[in-house]
Amino acid sequence: MSVGVQSQIRPSHTIGRTSQSGPGFNAPNDVAVAPDGRLYVLSRSNLPQSVRNYLRVSIVTIDEEYIGQFTEYGTDDGQIVWPTSVVVDKDYTVYVSDESRHDVQVFDKDGNFLRKFGTQGSGPGEFDRPAGLAVDLDGNVLVTDCLNNRVQKLTSEGKYLGEWGKAGAGPGEFNMPWGIAVDKQGFVYVADWRNSRVQKFDANGTYLASFGGPDGEGALDRPAGVDVDSVGNVYVSDYGRDIVQVYNADGSLLKTLTGDATVSKWGATYIAADPEMTALRAANAEAVKAWESPFASPMGLAVDAEDRIIICDSARNRVQVYQRS
């Protein structure tokens, strides 16, 4: 295990608080970074679907400036039911997958609906609970087709280009694949949820390597999100154990992140408005820190152009940010 690399990954800050609309999140399960650095945070919500604004995509900056939000619960174009992932391409086009609608919807950077593609099924361009989204170096959209146990490649307009994978536990096989990412060299990483591993492929879907596994150093239990920094370190959110594993490019474990949350700007404003809460937190500072700092059900994550690692801390309704310096 490399102590030198460990020391370069440090906590930065926390974004968000529990909120059903406006500044804050409700069960954020994925985050995407736009070319200008803005964050698109997808709130999946753990509340009744009939409460429309709880499901949304929030647009914020890394410095916790709230810009706006879009989408709501519903089955019409531009609405979402059970959203799973969000990604933004180089043209600021936003893609949102939905495992209840079995489709991918496409929006402009401000959240205006543009188009959709996909329907339920197992044929080319069809999905059975689509999960993770990524955009490859050619601008094509990669979708982890969860219950079909495959990765599909489509154009930005939704035209089917190809696929790889099948059900199983062998190399190149999947058991409910979830998160997906593409690194700067075009290699593809897939969080293989039920197989408790991350698999690496070339741009054409040829199997190259596997990270994690259910046992030993660097083990995973229900990996959900995955991304890669500028030097090839691979970050994987471990939903089952409330941690984030950091691997070297060769798959060796570099560091385990357990969560280092602080009170966000939005959270501090909320607390300051309640003197009784402020006093109670001050009187129990150590206990509050011990309870609030760790991850709880981490899901999607993303690495921005400055190698900041942005992690959806889903059950705590916030995003934790780390910096690789």
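Which residues does Pro35 touch, not counting residues up to four places away in sequence? Pro35 touches Val88, Asp89, Lys90 and Tyr92, where contact means heavy atoms within 4.5 Å.

Before going on, a word about the model. This is a predicted model, in which local features need pLDDT of at least 70 and side-chain atom pairs count only at pLDDT 80 or more, while totals for chains, interfaces and linings use all residues. Residues are numbered from 1 along each chain as its sequence is written, and side-chain values use heavy atoms, with hydrogens and water left out.

**Pro35 and Val41**

You will find Pro35 in the loop between strand E2 (28-33) and strand E3 (39-43); helices (H or I, at least four residues) and strands (E, at least two) are DSSP runs, numbered from the N terminus. Pro35 has a relative accessibility of 47%, so it counts as partly exposed. Here buried means under 20% relative accessible area, exposed over 50%, and partly exposed in between (1.4 Å probe, protein chains only). From Pro35 to Arg10 there are 25 residues in sequence and 24 Å in space, C-alpha to C-alpha.

Val41 sits in strand E3 and is buried, with a relative accessible area of 1%. Leaving out residues up to four places away in sequence, Val41 touches Phe25, Pro28, Asp30, Val31, Arg56, Val57, Ser58, Val60 and Val319. One of these partners, Val57, is 16 residues from Val41 along the chain, and their C-alpha atoms are separated by 5.4 Å.

**Two loop residues**

The table shows two residues other than glycine with a positive phi.

| Residue | Phi | Loop | Relative accessibility |
|---|---|---|---|
| Arg222 | near 65° | between strand E17 (207-212) and strand E18 (223-228) | 26%, partly exposed |
| Asp242 | near 60° | between strand E19 (234-238) and strand E20 (243-247) | 31%, partly exposed |

**The largest pocket**

The largest pocket has a volume of about 1100 Å³. A pocket is found on a 1 Å grid over the protein atoms alone, as an open set of points where a 1.4 Å probe fits, with protein on both sides within 12 Å along at least five of seven lines; lining residues have an atom within 4 Å of a point. Grid points are joined across faces, edges and corners, and a volume is the space filled by probe spheres set on the points. There are 48 lining residues, and the closest to the centre of this pocket are Val33, Val88, Val182, Asp227 and Val303. Among the elements that give two or more residues to the lining are E2, strand E6 (83-88) and strand E10 (130-135). By class, the lining has 25 nonpolar, 10 polar and 13 charged residues. Ala, Val, Leu, Ile, Met, Phe, Trp, Tyr, Cys and Pro count as nonpolar, Asp, Glu, Lys and Arg as charged, and the others, Gly among them, as polar.

**The second largest pocket and its helices**

The second largest pocket holds about 450 Å³ of space. Its lining has 17 residues, with Arg17, Thr18, Arg281, Glu292 and Arg316 the closest to its centre. Helix H2 (265-272), helix H3 (275-283) and helix H4 (285-292) each supply at least two lining residues, and H2 gives the largest share, three residues.

H3 and H4 also meet each other: Arg281, Ala282 and Ala283 in H3 contact Ala285, Val288 and Glu292 in H4. This contact has four nonpolar, no polar and two charged residues.
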